[in-house]
Amino acid sequence: MAFLDRDSLRERLDETLQRSRDDTDRQLEALHTEVRGIQTWLQDMSAQLELLAVTVEDSYQRGGSDVTGYRQTLQRLQHTIREHQVPVQVVLQKGKRHLDHQPDVCLQTELKNIQYFWDLLQGKVSYLQEALGE
């Protein structure tokens, strides 16, 4: 009788462990999806800032002095960046918590890239602010 109870307990434990592994896999996949979304947004925002920087430089080289439209574009982009600051930080924190429990070289690299491109965005914004006299 005790043997049956042990088998039953062992089976329940195995089921619980499998559900836990499946849960962890789903959470990791959801995290990777969030990371890819942030990476795509960062690339898009970086491209928009780069385009604005090139446009501003071209305008200055042609002797243009009216930068009002460029300032408005920069302000719109800055607003979008501020709106995404919390989601970016949340994904970084989730990723770091995951890495504390389970090492994942791919995720670690992706998180480092997100932090790098986030910092790069901040630098591009600062450059444009200086170029536009803000």
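**Exercise 1. Classify His32 as buried or exposed, and list its contacts in this predicted model.**

Solution.
- Step 1. The relative accessibility of His32 is 10%. The cut-off for buried is under 20%. His32 therefore counts as buried.
- Step 2. Place the residue. His32 belongs to helix α1, residues 2-61.
- Step 3. Set aside neighbours within four places in sequence. His32 then contacts Asp104, Cys106, Leu107 and Glu110.
- Step 4. Check two of these partners. Leu107 and Glu110 are both buried residues of α3.

**Exercise 2. Test whether the end-to-end distance of helix α3 agrees with its residue count, then describe its ends.**

Solution.
- Step 1. Helix α3 covers residues 105-131, which is 27 residues.
- Step 2. Apply 1.5 Å a residue, using one less than the number of residues. The expected span is 39 Å.
- Step 3. Compare. The end C-alpha atoms of α3 are 39 Å apart, so the two values agree.
- Step 4. Look at the N-terminal end. Asp104 caps it, with a side-chain oxygen 3.1 Å from the backbone nitrogen of Cys106.
- Step 5. Look past the other end. Gly133, just after α3, has a positive phi of about 75°.

**Exercise 3. Identify the residues that touch the most other members of the largest nonpolar core, and say which helices supply it.**

Solution.
- Step 1. The core has 27 residues. Trp41, Leu49, Ile81, Ile114 and Leu121 touch the most other members.
- Step 2. Assign the helices. At least two core residues come from each of α1, α2 (68-101) and α3.
- Step 3. Find the main supplier. Helix α1 gives the largest share, 11 residues.
- Step 4. Follow one member. Beyond four places in sequence, Leu121 touches Trp41, Leu42, Met45, Ser46, Leu49 and Ile81.
- Step 5. Return to α3. Its buried residues include Ile114, Trp118, Leu121, Val125 and Leu128. An α-helix has 3.6 residues a turn, so residues three or four places apart point the same way.

**Exercise 4. Examine three of the five salt bridges, giving the distance and exposure of each pair.**

Solution.
- Step 1. Start with Arg10 and Asp7. Their side chains meet at 3.9 Å, N to O. The cut-off is 4 Å, so this pair qualifies.
- Step 2. Explain the spacing. Arg10 and Asp7 are three residues apart in helix α1, so about one helical turn separates them.
- Step 3. Classify both. Arg10 is exposed at 53% relative accessibility. Asp7 is partly exposed at 30%.
- Step 4. Take Arg36 and Glu29. Their closest N and O atoms are 3.2 Å apart. Arg36 is partly exposed, at 39%, and Glu29 is partly exposed, at 43%.
- Step 5. Take Lys94 and Glu34. Here the closest N and O atoms are 2.9 Å apart. This pair links distant parts of the chain: Lys94 sits in α2, Glu34 in α1, 60 residues apart.
- Step 6. Classify this pair too. Lys94 is partly exposed at 31%. Glu34 is partly exposed at 30%.

**Exercise 5. Decide whether the rings of Tyr116 and Phe117 are stacked, tilted or edge-to-face.**

Solution.
- Step 1. The structure holds two aromatic pairs. The rings of Tyr116 and Phe117 form a pair with centres 5.1 Å apart.
- Step 2. Their planes meet at 80°. The edge-to-face class starts over 60 degrees. The pair is therefore edge-to-face.
- Step 3. Add the surface value. Phe117 is partly exposed, at 36% relative accessibility.

Key: Residues numbered from 1 in each chain as written. Predicted model: local features only at pLDDT ≥ 70, side-chain atom pairs only at ≥ 80, totals over all residues. Heavy atoms only, no water. Helix = DSSP H or I, 4+ residues; strand = E, 2+ residues; numbered from the N terminus. Buried < 20%, exposed > 50% of the residue type's maximum accessible area, 1.4 Å probe, protein only. Contact = heavy atoms within 4.5 Å. Polar contact = N/O pair within 3.5 Å; in protein donor to acceptor, adjacent residues only side chain to side chain. Core = buried A, V, L, I, M, F, W, Y, C linked by side-chain atoms within 4.5 Å. Phe/Tyr/Trp six-rings, centres within 6.5 Å; stacked < 30°, edge-to-face > 60°.
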